[in-house]
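Trainee: I would like to learn how to read a model like this one, feature by feature. Could we walk through it together?

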There are 2 protein chains.
Amino acid sequence: MAVTIRDVAKASGVHISTVSRTFSAPHLVNPNTRSRVLAHAEQLGYRPNRAARALITGRTYNIGLIVADIANPFFPPLIKAAESQARKHDHHIFVADTNEDPALEEEVVRALAKQVDGVLLCSPRMSNTLIEQLSREVPLVVVNRQITGIPAVAMDVAGGARRAVEHLIGLGHRRIALVSGPRGSWTSREIRRSATSTARAGNAELTIIGPNPPTEVGGLTVAEDVLRAGATAVLAYNDLMAIGLIEGLLAAGAHVPGDVSVVGIDDIMLSRLTRPKLTTVATPTAAAGRSAVDMLLAHGDDRRTTAHVHLQTELVIRDSTGPGPGPHSPADPGDVIAPGGVAS
Amino acid sequence: MAVTIRDVAKASGVHISTVSRTFSAPHLVNPNTRSRVLAHAEQLGYRPNRAARALITGRTYNIGLIVADIANPFFPPLIKAAESQARKHDHHIFVADTNEDPALEEEVVRALAKQVDGVLLCSPRMSNTLIEQLSREVPLVVVNRQITGIPAVAMDVAGGARRAVEHLIGLGHRRIALVSGPRGSWTSREIRRSATSTARAGNAELTIIGPNPPTEVGGLTVAEDVLRAGATAVLAYNDLMAIGLIEGLLAAGAHVPGDVSVVGIDDIMLSRLTRPKLTTVATPTAAAGRSAVDMLLAHGDDRRTTAHVHLQTELVIRDSTGPGPGPHSPADPGDVIAPGGVAS
DNA sequence: GACATGAGTGCAACCGCTTGCATTAATGGG
DNA sequence: CCCATTAATGCAAGCGGTTGCACTCATGTC
């Protein structure tokens, strides 16, 4: 049915190997022959069959991209950037959604392994051990994770979380809640680690709530817990949860940022558009997608280039954070200035 | 390197064809042999190479999914649903982003053609003729387009646009603007057609603004045009534009829905979260993704099943639409009731 | 003029797997 | 007990390419 290398060979009166070389090693064929072959190929609409080629070369020109949830607004910009970068290098990209399920991640990597040159594991939920094992079966680049010996693109969420907590403490908040993300998330652990030490250094109390599903609903449902904990400020695992949380807080009668300040992480497009506009830690997702693809493609050539790329994050202050009840906050109208009013 | 059918054959002491049949035609092999082969395969970690298999069977178990812009929030739910449905049938999915570029669409379809069982063209921008031609090279299902002879999943945006315009007219609006989408969009034409006739039937004036890029910025930049046209209500090609438009209107000092009512189309997640919450025509994107995959896979078997699936849409009334200046609207406090106040 | 050289091409094996056909052994009918 | 069936397996060709090797001719060199 489809036109093959043989058809082109017949049409141009050369052996199939010459046609093959015309495409994959042009310098080996006489310019005249080459142009004749190309003309016939063009005219017949010939396109090399990549799968067949891969069978012998081992290069598929495909990349697997595995994410926890396509519909989570964090991922689309990453996928878009990765796809674009991949195509720049003439690669196509498989996308798989694992629904936050570690077992599914493993299964998908294995299923894809044979037909890709490598796999991008974005925010994986599986164990390090398993990832290391898989990386022996297929070249792997992990995004949002750090594992020795495995090429990785990591965003500095720890630094972001630190700045977020410092921001909150600077506003006078002393009781802060951390709404953490899903089990198995490296990012979530980083955030917790960083937020914990920053809070301690700033003499603030940090209540950890979680793990939670990293969705709007996940945020919405912990609103009560946040209030019960008496927190006046919250750092959420991601923007989606922060937005859900704000909804939940409003529903419970708490004002944002009047009663509770909320900071998210990711700076998804949404966050500029909600009311109040979300204060958040911006992560360079598109850059992460591009870098990950670059690493994977570079990695293919010289083995053991297990570089780790680190990308900066940035705290974007908008309208969901405001002064807390601490010593630096303006006194409530009805309040009496307490004697010796300077707390430690 | 990787374990092949030969390794399994050697280990189990049978010919490779028996191993092959164990996986692709189990009923042809003796149960004892089969279980022995399976055991060895399992132990060696054997996985059939799909590309090699495809070479001879012609079935790749891959699907191509082509969208105009992954980052447009309309698409992720569709992609997610399609991917999930595809995997249910043991298929993997290639995702390609064409950046609204018709030429790129063609190129990508051709590039993918050989390694997929079919392609889902979502909201294509190319011409019908070209699509028909491509559908001769690879099985195609189009989403958001109708072409005779080509299987399609179409959402009833025309009906949605009609209900949206009727809603606006019912609120008393008589000068309505239609902010249309990108050139080449079937959806955009459907909306225009439907909105035009509905407006005419309702004695309202419809100003068409566009074509425009279907993005937030696309909406933002037409805010001025909308005001200049003197419209008190707008139907936008999609939610993203509607949201951008609202931003633009607010920036220009116009209140929504006080001065101008805005209706979007799609009901992306965002639309529930902005202020004001967007009135919009909800389109069943996930269902579309699922159906498209189903059609593609069904289509493979019996040729010429060029069914067209139609999916209903629904007008969701939220806070971005309000009474217009028409006869049914409450009089402005400062207004004098005009004599003979009933306009036609 | 003999010979090494290298450019250009053909030949054939092979990548991992499927499948039509041949072969063999076991089964049942007459 | 012989023969026709049938079940199970092996054999080998082939899917669409790539690639090491051998071969054929100009060339250039001495």
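Mentor: Happily. Let us start in a loop: Pro276(B) sits between β9 (261-266) and β10 (279-282) of chain B. Keep in mind throughout that this is a predicted model.

Trainee: What is the peptide bond from Arg275(B) to Pro276(B), cis or trans?

Mentor: Look at omega. From Arg275(B) to Pro276(B) it is near -10°, and the bond is cis. Chain A offers another case: the bond from Gly210(A) to Pro211(A) is cis as well, with omega near 0°. Pro211(A) lies in the loop that joins β7 (205-209) to α10 (216-221) of chain A.

Trainee: Turning to phi, where is Asp266(B), and what is its value?

Mentor: Asp266(B) belongs to strand β9 of chain B. Its phi is near 125°, a positive value in a residue other than glycine. Asp266(B) counts as buried, because 30 C-beta neighbours lie inside 10 Å and the cut-off is 20 or more. Ser123(A) also has a positive phi, near 45°. Ser123(A) is located in the loop between β3 (118-122) and α7 (128-134) of chain A, and it is buried, with 26 other C-beta atoms within 10 Å.

Trainee: Now a helix. How do I check the span of α5 in chain A?

Mentor: Count residues and compare with the end-to-end distance. At 1.5 Å a residue, the 14 residues of α5 (75-88) of chain A should span 20 Å, and the end C-alpha atoms are 20 Å apart, so the two agree. Just after α5(A), Asp90(A) has a positive phi of about 65°.

Trainee: Is α5(A) mostly covered or mostly open?

Mentor: Mostly covered: eleven of the 14 residues of α5(A) are buried. Among them are Phe75(A), Leu78(A), Ile79(A), Lys80(A) and Glu83(A).

Trainee: And what about the nonpolar core?

Mentor: The general idea first: in soluble globular proteins, nonpolar side chains tend to be buried together. Here the largest nonpolar core has 173 residues, and Val234(A) and Val234(B) have the most contacts inside it. Leaving aside residues up to four places away in sequence, Val234(B) touches Ile176(B), Ala177(B), Val179(B), Val226(B), Leu245(B), Val260(B), Val262(B) and Val263(B).

Trainee: How many residues of chain A are in contact with chain B?

Mentor: 31 residues of chain A contact 31 residues of chain B. On the chain A side, the elements giving two or more residues are α4 (50-57), α5, β2 (92-97) and α6 (102-113). By class, this side of chain A divides into 18 nonpolar, five polar and eight charged residues.

Trainee: What rotation superposes chain A on chain B?

Mentor: A rotation of 180° does, with 0.0 Å of shift along its axis and an RMSD of 0.0 Å. That is the relation of a two-fold axis. In addition, 100% of the interface residues of chain A are also interface residues in chain B, so the copies meet through the same surface.

Trainee: Finally, which residues come nearest to DNA strand D?

Mentor: Of the 26 residues around DNA strand D, the nearest are Ile5(A), Ser17(A), Ser20(A), His15(B) and Thr33(B). Both chains take part: α2 (16-24) and α4 of chain A, along with α2 (16-24) and α4 (50-57) of chain B, each supply at least two residues of the surface near this strand. The largest share, six residues, comes from α2(A). By class, the surface near DNA strand D has 13 nonpolar, eleven polar and two charged residues.

Technical notes: Residues numbered from 1 in each chain as written. Chains lettered and ligands numbered in written order. Predicted model: local features only at pLDDT ≥ 70, side-chain atom pairs only at ≥ 80, totals over all residues. Helix = DSSP H or I, 4+ residues; strand = E, 2+ residues; numbered from the N terminus. Expected span 1.5 Å × (residues − 1). Buried ≥ 20, exposed ≤ 12 C-beta atoms within 10 Å, placed from the backbone. Core = buried A, V, L, I, M, F, W, Y, C linked by C-beta atoms within 7 Å. Contact = placed C-beta atoms within 7 Å. Nonpolar A, V, L, I, M, F, W, Y, C, P; charged D, E, K, R; others polar. Least-squares fit on C-alpha atoms with pLDDT ≥ 70 in both. Near = placed C-beta within 6 Å.
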